[in-house]
Amino acid sequence: SMVIAGSSAPASGGEHLISHTLDIKANLEHKPHDFHGAQVGVATIFTSLLYEKLLNFKVKRIQTDQIIQTQKSKKNQTDQKERLQNYWQDLYPEIATEYAKKQISWEKKQAELKFIQNNWPEIVCQLQPFLKPAAKIKRLLTDGGAKTHYNDLGLDKQEFKQAVLMAPFMRARYTILDLAQDFGLLEKFTDQIIGEDYHD
């Protein structure tokens, strides 16, 4: 699939971006981090839960006009820049350049979100055959002796949450993280998933 697509995109989604974010952040703070595969495994459970929440959400009810107005406001843009600078530190210029590659005009973004809303049932039907339940993924990882929770990686809730929220910015690749973020749901769903403590 990667050969056909001409990139690693079919095998590298939001779960890999979360892992790369954890790698970079650990290096910036001169701290150790876990193996890439271990982090991806934990992040795969998270992104699977994110898919489940988003696919069961009534996307039609989302007021995309209000979301776009909020996202493009000067205050939001200033706050976002400050958050990115604080998190990525000296790497902020490179992160901002990479993220800019997948940004489109606000008009196109609004049209894109409307298209997704209008075609959501069909999109869900096309996605579902390729998605595995988070519980099954966790069980398989557990059976293989792999790590399944951010605590297993030496992370607390806040560290993992921030990695999830920062991951969409670190690469010019659109993933489930971006979709949830575009609909204004990423932080809300992340809090819910972490709050439910999917280790149990």
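**Helix packing and pockets in the predicted model**

Leucine 22 has its place in helix α2. The model in which it sits is a predicted one, and leucine 22 makes a convenient starting point for a walk through it. With a relative accessible area of 9%, leucine 22 falls under the 20% cut-off and is therefore buried. Setting aside residues up to four places away in sequence, leucine 22 touches His33, Gln39, Leu155 and Ala163. One of these partners, leucine 155, is 133 residues away along the chain, yet the C-alpha atoms of leucine 22 and leucine 155 are separated by 9.6 Å.

Threonine 21 also belongs to helix α2. Its relative accessible area is 0%, so threonine 21 counts as buried. Once neighbours within four places in sequence are left out, its contacts are Tyr87, Trp88, Ala163, Met166, Ala167 and Met170. Ala163 thus appears in the contacts of threonine 21 and in those of leucine 22.

Helix α3, which spans residues 36–55, offers a view of a mostly covered element: 14 of its 20 residues are buried. From its first C-alpha to its last, α3 reaches 27 Å, close to the 28 Å expected at 1.5 Å a residue.

Helix α7 can be examined in the same spirit. The 13 residues of α7, numbered 106–118, should span 18 Å at 1.5 Å a residue, and the end C-alpha atoms are indeed 18 Å apart, so expectation and model agree. Within α7, the residues Lys109, Leu113, Ile116 and Gln117 are buried. These four cover an arc of only 100 degrees around the axis, which means that they lie on the same side of α7. A simple rule of helix geometry is helpful here: an α-helix has 3.6 residues a turn, so residues three or four places apart point the same way. The cover over the buried residues of α7 includes α4 (64–71), α8 (120–127) and α11 (176–182). On the face turned away from the buried side, α7 carries the exposed residues Glu107, Lys108 and Phe115.

Attention now turns from packing to empty space. Such space can be found by rolling a probe the size of a water molecule over the atoms. The largest pocket holds about 700 Å³. It is lined by 25 residues, of which Gln71, Asn76, Gln80, Phe169 and Gln181 are the closest to its centre. At least two lining residues are supplied by each of α4, α5 (74–88), α7, α10 (157–166), α11 and α12 (186–195). The largest share of this lining comes from α5, with 4 residues. By residue class, the lining of the largest pocket comprises 10 nonpolar, 9 polar and 6 charged residues.

The second largest pocket has a volume of about 420 Å³. Among the 20 residues that line it, Pro10, Gly13, Glu15, Tyr51 and Leu131 lie nearest its centre. Two elements, α2 (14–28) and α3, give two or more residues to this lining. The most comes from α3, which gives 4 residues. The lining of the second largest pocket divides into 10 nonpolar, 7 polar and 3 charged residues. Helix α2, the home of leucine 22 and threonine 21, thereby returns as a contributor to the wall of the second largest pocket.

Technical notes:
Residues numbered from 1 in each chain as written. Predicted model: local features only at pLDDT ≥ 70, side-chain atom pairs only at ≥ 80, totals over all residues. Heavy atoms only, no water. Expected span 1.5 Å × (residues − 1). Buried < 20%, exposed > 50% of the residue type's maximum accessible area, 1.4 Å probe, protein only. Arc of directions from axis to C-beta. Contact = heavy atoms within 4.5 Å. 1 Å grid on protein atoms, 1.4 Å probe; cavity = no way out; pocket = protein on both sides within 12 Å on 5 of 7 lines; lining within 4 Å. Points joined across faces, edges and corners; volume = space filled by probe spheres on them. Nonpolar A, V, L, I, M, F, W, Y, C, P; charged D, E, K, R; others polar.
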